[in-house]
Amino acid sequence: MTRVGAQLFAGPIVARSGAMGVQLVSALTQGLAEPLRLDVPLVQRELVAWAQAAGLRAETPIPLMSLAGRALPGRREQILALASRGLG
């Protein structure tokens with residue numbers, strides 16, 4: 001997790017499955033008593049559902065962009081939460 005000013009961010013979160021990602025984020029945030037930002041792509045339905053059940057609220061979706069529409073490298077399905085947007 002990273003702190004920028006008063007805001008706490010969790011990400012990137014990378015796991016082999018949505019269930020593993022939920023376990024990871026749940027363990028990281030257990031007992032946390034302060035606001036948290038978690039940027040979760042909407043395709044990660046399991047983590048989105050967990051976040052909403054944990055009291056996080058959805059805001060503006062995060063666009064994922066690539067040059068000339070090329071597929072991004074790597075196992076993109078294992079990226080459950082991003083370290084995105086300006087953190088400063």
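Two strands are taken to pair if DSSP finds at least two bridges between them, and on this basis the predicted model contains an open sheet of three strands, arranged in the order β1-β2-β4 with mixed pairing. The edges of the sheet are occupied by β1 (2-4) and β4 (36-38), each of which has a single partner strand, so one side of each is left without a neighbour in the sheet. On average, and with direction ignored, neighbouring strands of this sheet are turned by 35° against each other.

The pairing of β1 with strand β2 (residues 7-10) is antiparallel and extends over three bridges; within this pair, Val-4 stands opposite Gln-7 in β2. The two strands β1 and β2 form a hairpin in which two residues lie between them, and Gly-5, located in the turn, has a positive phi of about 65°.

On the β4 side, the arrangement is parallel, with β2 and β4 joined by three bridges, and Leu-8 stands opposite Leu-36 in β4. In a regular strand, the side chains alternate between the two faces of the sheet. The mixed character of the sheet is thus made up of the antiparallel pairing of β1 and β2 and the parallel pairing of β2 and β4.

Note on methods. Residues are numbered from 1 along each chain as its sequence is written. This is a predicted model: local features need pLDDT of at least 70, side-chain atom pairs count only at pLDDT 80 or more; totals for chains, interfaces and linings use all residues. Side-chain values use heavy atoms; hydrogens and water are left out. Helices (H or I, at least four residues) and strands (E, at least two) are DSSP runs, numbered from the N terminus. Axes are lines fitted to C-alpha atoms, for helices over the stretch in contact, and angles run from 0 to 180 degrees between N-to-C directions.
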